[in-house]
Amino acid sequence: MYKYDNYDQAIVDARVAEFRDQVKRRLAGEITEDQFKPLRLMNGLYLQLHAYMLRVAIPYGTMDSRQMRMLAHIARKYDRDYGHFTTRQNIQYNWIKLEECGDLLEELASVEMHAIQTSGNCIRNISSDQYAGAAADEVADPRPWAELLRQWSTFHPEFSYLPRKFKIAVIASPEDRAAMRLHDIGLELVKQDGVLGARVFVGGGMGRTPMIAPEINPFVKADDLLSYIEACLRVYNRYGRRDNIYKARIKILVHEIGADEYRRQVEEEFAHVKTLGIDPPLAELDRISAFFAPPAFDAVDQEVDRSDPDFAVWLDQNVKPHKQAGYAIVNISLKPIGGIPGDASSAQIDVMADLAEQYSFDELRVTHAQNIVLPHVAKRDLYAVWQALNAAELANANLDLISDIIACPGLDYCSLANARSIPVAQKIATRFADLERQRDLGELKLKISGCINACGHHHAGHIGILGVDRKGVENYQLTLGGSGAEDVSIGKITGPGFDEDGIIDAVERATDKYKELREPGERFVDTYRRVGMEPFKEAIYG
């Protein structure tokens, strides 16, 4: 993984000192909250319902055990002993004291971490495939390109005050594990006649007006990629709406002028940008790529002893094939039955750090589904890893099942939310607690948002739930048919909403109807697409 040089460290240290002074002036009353707000947001500090929330950046979801242990330390010292892993592969702390922020950020900086550009109208954390460098189907490791984009976008003078926040995802596999086309810019690395490049998608996003990004260019050579992304941002920065927050995202611009006209303007701008020489020299790409060299694999391929039935179930559900013989990818579910999706205690975070150091070449990944990955585990070590996870209550064998729920913090924490997400997630997981029942339903992506901002990605759920306010009462809309994967689609609302208990029943009726209608091998979303909304609607509403 990438390691800071003196320049990287100096940037982060300088920002810590700057923000420490800003906090000091705020606490002394020398600046008002209105003056302080844009400053704290540039440093990932939000004012939520009960306390400040700090969002810490984990670039493309990759970190080592030293950094993971620091996250546990932050949870113990500055929060209430837990952290919340998010859909942008970051971590949030929900109970932060303003007067302690300077010390907190200084401790993060000591392990090459920060909260820069985790908020504000700028380019946010670059996300990527959690299996990068381990997936058998990738054409290249996408993380060097994600790191290049991170360095390019950090404090970019032209893109620090965009019309709205901006999100970029980079993948390198035909299987999309990062919801790439639901980003402002999505990049899929591909090869054409042996040359590395990228398919470029622009104008995706969820929120109030969900849209799937159209393909703007089928192949941009890797050597030109930075200039091309610069051109994409320049067109948006020039014409994006700043007079209406609801129409400020790039998806609205692409939709209103059309993909063809946006493409024409990008190509025109790209021709100009190429004259500026901003693409990095080969030596810089080589420098960055060297940090992502494959680890020193040494295991021989072997059969795994499946005699322990609980281990065998976990093996089948949470462990994925690795491109290197003798190794596997381990997914750690942060979705215990009755728990809060994405939450982990400091003790659990420490356990995962220890396992990464001992069994996964000192590397962990955060997934956009709010889970953790150990990317490089020798098959001979899988049982020992499972035993340690089981002892830490982290061996939930529910990856991609109905209880592997994505959920935002909702009205329990967020000042923007209209309804609670956490209790709904807990009740659904409890209703479907039986693992055999979950596995019978098969792959079923359920996602919950507490408001229209869609931080829980409900639009992309096979089953999605949106909490809204109906005359002061929490009400939950049900959507069906969404997907954030390579078969990307936006879910459709079934009809009138439900109260908290009613939405649980509605989900169960929808899954019962799926079992009645499915054909062999069909996932929930496949059956829905084949038969349409009406049979489900009739089952849900009677």
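Is the crossing of α3 and α4 left-handed or right-handed? The crossing is right-handed, and this tour of a predicted model begins at that pair of helices.

**First stop: helices α3 and α4**

Select residues 65-78, which form helix α3, and then residues 101-109, which form helix α4. The axes of these two helices come within 10 Å and cross at roughly 165°. Because angles over 145 degrees count as roughly antiparallel, α3 is roughly antiparallel to α4.

Next, display the side chains where the helices touch. On α3, select Met-70, Leu-71, His-73, Ile-74, Lys-77 and Tyr-78. On α4, their partners in the contact are Asp-103, Leu-104, Glu-107 and Leu-108. Colouring this contact by class shows 6 nonpolar, 1 polar and 3 charged residues.

**Second stop: helices α10 and α12**

Move on to residues 309-318, helix α10, and residues 382-391, helix α12. Here the axes come within 11 Å, and the crossing angle is roughly 100°. Since angles of 65 to 115 degrees count as roughly perpendicular, α10 is described as roughly perpendicular to α12.

To view the contact itself, select Asp-310, Phe-311, Trp-314 and Leu-315 in α10. These residues meet Leu-382, Tyr-383, Trp-386 and Leu-389 in α12. By class, the contact of α10 with α12 has 7 nonpolar residues, no polar residues and 1 charged residue.

**Third stop: the largest cavity**

Attention now turns from helices to enclosed spaces. How many cavities of 30 Å³ or more are there? The count comes to 5.

The largest cavity has a volume of about 170 Å³. To find this cavity, select Met-1, Tyr-2, Pro-59, Gln-67 and Glu-112, which lie nearest its centre among the 14 residues of its lining. That lining divides into 8 nonpolar, 3 polar and 3 charged residues.

**Fourth stop: the second largest cavity**

The second largest cavity has a volume of about 110 Å³. Which residues line the second largest cavity? Begin by selecting Ala-57, Pro-59, His-114, Ile-116 and Gln-117. Add Ile-123, Arg-124, Asn-125 and Ile-126, and then Arg-150, Ser-153 and Thr-154, to complete the lining. By class, the residues of this lining divide into 5 nonpolar, 5 polar and 2 charged.

Finally, keep Pro-59 selected while viewing both spaces. Pro-59 is one of the residues nearest the centre of the largest cavity, and Pro-59 also belongs to the lining of the second largest cavity.

Note on methods. Residues numbered from 1 in each chain as written. Predicted model: local features only at pLDDT ≥ 70, side-chain atom pairs only at ≥ 80, totals over all residues. Heavy atoms only, no water. 1 Å grid on protein atoms, 1.4 Å probe; cavity = no way out; pocket = protein on both sides within 12 Å on 5 of 7 lines; lining within 4 Å. Points joined across faces, edges and corners; volume = space filled by probe spheres on them. Nonpolar A, V, L, I, M, F, W, Y, C, P; charged D, E, K, R; others polar. Axes fitted to C-alpha atoms, helices over the stretch in contact; angles between N-to-C directions. Helix = DSSP H or I, 4+ residues; strand = E, 2+ residues; numbered from the N terminus. Parallel < 35°, antiparallel > 145°, perpendicular 65-115°, else oblique. Left-handed = near helix turned anticlockwise from the far one by under 90°. Contact = heavy atoms within 4.5 Å.
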